[in-house]
Amino acid sequence: MSNKKSQRPLLYVDQSFSSAPSKSNMQEVYTNKREQEQVDDIRRKISLAKRESIDPIPIEVNNSEDWQSTSSTQHQERNKTAFTRVKPFKDMDLTERLDYLINFPKVLPPVPCVFYTAEQNYQGYLKEYNGSQVTIQFHDQSSKTFPLNDLKNVIMIGIKK
């Protein structure tokens, strides 16, 4: 038994202990969506705080009451967002609906609508509206103009699946 203890190991593995790992492509930066959103929120708050800290400079000041009213209106305008909330299409009256459709963004496709008159219902797109005349373009590219008084209602047609 003593002979076996004195023998050297049969297999010797040499491991080099290098201090620096190999220079391969390893990930160096990690970002978390939640952390990124928090950073973005903080940046937005800082930019809003900077905007609010800048006071408007009145150009003409005749008396102190005018200056106070102009500064309060300018402050209110600054607090408004770029997008104003539009009331639902269902709640609009006829002229508001026509104004909404004629001022619809040009980057979006035109909205198909049903135009109700006393005699007939027309399905198409609002092409022109100038206060007294309404022009509708139909799906076959033909169009029809009639007075605003003949128009009873306008309803948007939704996208059907």
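## A walk through the predicted fold

Let us start at aspartate 41, which is partly exposed, with a relative accessible area of 36%. Keep in mind as we go that the model is predicted. Aspartate 41 sits in helix H2 together with arginine 44, three residues away, which is about one turn of the helix. The two form a salt bridge, and their closest N and O atoms are 2.8 Å apart. Side chains of opposite charge can pair when their charged atoms come close.

The protein has two salt bridges by the rule used here. In the other pair, the side chain of lysine 87 meets that of glutamate 96, at 3.2 Å from N to O. Lysine 87 counts as partly exposed because its relative accessibility is 42%, between the limits of 20% for buried and 50% for exposed. Glutamate 96 is partly exposed as well, with a relative accessible area of 32%.

Now step back to the whole chain. The protein holds four helices and five strands, and from the N terminus on they run α-α-α-α-β-β-β-β-β. Of its 161 residues, 15% count as buried. The accessible surface comes to about 14,900 Å², and 52% of that belongs to carbon and sulfur atoms. Among contacts with a separation of 6 or more, 44% join residues 24 or more positions apart.

Next, look inside. In soluble globular proteins, nonpolar side chains tend to be buried together. The largest nonpolar core here has 18 residues, and the members that touch the most others are Leu98, Phe115, Val134, Leu151 and Val154. Two or more residues each come from helix H4 (94–102) and from strands S1 (113–117), S2 (121–129), S3 (133–137) and S5 (151–156). Strand S2 gives the largest share, three residues.

Phenylalanine 115 is a good place to pause. Leaving out residues up to four places away in sequence, Phe115 touches Leu98, Leu126, Ile136, Leu151 and Val154, among others. Its contacts also include Gln120, Asn121 and Asn153, as well as Tyr122 and Tyr125.

How does helix H4 face its surroundings? Its buried residues are Arg97, Leu98 and Leu101. Seen down the axis of H4, these buried residues fall within an arc of 95°, so they line one face of the helix. The partners they pack against are S1, S2, S3 and S5.

Staying with strand S2, we find glutamate 128. Glutamate 128 counts as partly exposed because its relative accessibility is 46%. Aside from neighbours within four places in sequence, glutamate 128 is in contact with Ile102, Gln133, Val134 and Thr135. One of these, Val134, was listed above among the core residues that touch the most other members. Glutamate 128 and threonine 145 are 17 residues apart in sequence, while their C-alpha atoms are 8.7 Å apart in space.

Our last stop is on the surface, back toward the N terminus. Leu10, Leu11 and Val13 make a nonpolar surface patch of about 420 Å². One of them, leucine 11, lies in the loop between helix H1 (2–6) and helix H2 (33–53). Leucine 11 has a relative accessible area of 71%, so it counts as exposed, for which the limit is over 50%. The loop also brings us back to where we began, as H2 is the helix that holds aspartate 41 and arginine 44.

Note on methods:
Residues numbered from 1 in each chain as written. Predicted model: local features only at pLDDT ≥ 70, side-chain atom pairs only at ≥ 80, totals over all residues. Heavy atoms only, no water. Patch = residues over 30% accessible without salt bridge, like charges linked within 9 Å, V, L, I, M, F, W, Y side chains within 5 Å. Areas by Shrake-Rupley, 256 points an atom, 1.4 Å probe, with all protein chains shown as cover. Salt bridge = Lys/Arg side-chain N within 4 Å of Asp/Glu carboxyl O. Buried < 20%, exposed > 50% of the residue type's maximum accessible area, 1.4 Å probe, protein only. Core = buried A, V, L, I, M, F, W, Y, C linked by side-chain atoms within 4.5 Å. Contact = heavy atoms within 4.5 Å. Arc of directions from axis to C-beta.
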